[in-house]
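This report describes selected structural features of one protein model, with the criteria behind each term stated where the term is first used. The sequence and coordinates are shown below.

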Amino acid sequence: VQLQASGGGLVQFGGSLRLSCAASGSIFSINAMGWYRQAPGKQRELVATSLSDGRKNYRDSVKGRFAISRDNDKNTVYLEMNSLKPEDTAVYYCNARVRSRRIAPEYDYWGQGTLVTVSS
């Protein structure tokens, strides 16, 4: 299973970006898909997750500004980021919890990361 993320870049304070992450390979089902980020010198942190039952979770600092969505037909997860702030600057990683066959355990897979830089 491979995850390909895209959509990062440089944006000014208050701007918007949309990240995309497509999963491919041996996929029977995907439970959770989500986004994490890691700023320089800091630990990786959860940004948002989208579960197969429709539930979505956000870290408090992005609530009301970021929106996660999924296209299950395309095995793709999106992160719409609005009102961006310099503290949102980080490498953003997508994650998917995948079951490769009907009878198989779930495993976590990670994308390669995409850099988001918000200038003040």
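With a relative accessible area of 45%, G14 is partly exposed, where buried means under 20% relative accessible area, exposed over 50%, and partly exposed in between (1.4 Å probe, protein chains only). The model is predicted, so local features need pLDDT of at least 70 and side-chain atom pairs count only at pLDDT 80 or more, while totals for chains, interfaces and linings use all residues. Residues are numbered from 1 along each chain as its sequence is written, and side-chain values use heavy atoms, with hydrogens and water left out.

## The loop between β2 and β3

G14 is placed in the loop between β2 and β3; strands (E, at least two residues) and helices (H or I, at least four) are DSSP runs numbered from the N terminus. Contact here means heavy atoms within 4.5 Å. Not counting residues up to four places away in sequence, G14 touches S83 and L84. G14 and S120 are 106 residues apart in sequence, and their C-alpha atoms are 8.9 Å apart in space.

G15 lies in the loop between β2 (9-12) and β3 (17-24). Its relative accessibility is 17%, so G15 counts as buried. Apart from neighbours within four places in sequence, G15 is in contact with M81, N82, S83 and L84. The C-alpha atoms of G15 and L84 are 5.4 Å apart, although 69 residues separate the two in sequence.

## Positive phi angles

Two residues other than glycine with positive phi values are listed below.

| Residue | Phi | Location | Relative accessible area |
|---|---|---|---|
| N75 | near 50 degrees | loop between β7 and β8 | 23%, partly exposed |
| S83 | near 50 degrees | loop between β8 and β9 | 41%, partly exposed |

## The four-stranded sheet

An open sheet of four strands has the order β1-β3-β8-β7, with antiparallel pairing. Strands β1 and β7 stand at the edges with a single partner strand each, so one side of each has no neighbour in the sheet. From one strand to the next, the twist averages 15 degrees, with axes taken as lines fitted to C-alpha atoms (for helices over the stretch in contact) and angles running from 0 to 180 degrees between N-to-C directions. Two strands pair if DSSP finds at least two bridges between them.

β1 and β3 run antiparallel and are joined by five bridges; Q4 has A22 in β3 as its bridge partner. β7 and β8 pair in the antiparallel sense over six bridges, and R70 stands opposite V77 in β8. The side chains of β1 alternate: L3 and A5 point to one face and are buried, whereas Q2, Q4 and S6 point to the other and are not.

## The nonpolar core

A nonpolar core is a set of buried Ala, Val, Leu, Ile, Met, Phe, Trp, Tyr and Cys residues joined through side-chain atoms within 4.5 Å. The largest such core has 27 residues, of which W35, V47, F66, L79, M81 and Y92 touch the most other members. At least two core residues are supplied by each of β1 (2-6), β3, β4 (29-38), β5 (45-51), β7 (66-71), β8 (76-81), β9 (90-99) and β11. The largest share, five residues, comes from β9. Excluding neighbours within four places in sequence, F66 is in contact with R37, V47, Y58, L79, E80, M81, N82, L84, D88 and Y92.

## T114 and the aromatic pair

T114 is located in strand β11 (residues 114-119) and is buried, with a relative accessible area of 11%. A polar atom of the T114 side chain lies 3.1 Å from the backbone nitrogen of G8. Not counting residues up to four places away in sequence, T114 touches S6, G7, G8, L19, A90, V91 and Y92.

The structure holds one aromatic pair. Rings of Phe, Tyr and Trp (its six-membered ring) pair if their centres lie within 6.5 Å; planes under 30 degrees apart count as stacked, over 60 as edge-to-face and the rest as tilted. Y36 and W110 form an edge-to-face pair, at 5.0 Å centre to centre and 65 degrees between the planes. The pair links distant parts of the chain, with Y36 in strand β4 and W110 in strand β10 (residues 106-110), 74 residues apart. Y36 is partly exposed at a relative accessible area of 22%, and W110 is partly exposed at 38%.

Key
Polar contact = N/O pair within 3.5 Å; in protein donor to acceptor, adjacent residues only side chain to side chain.
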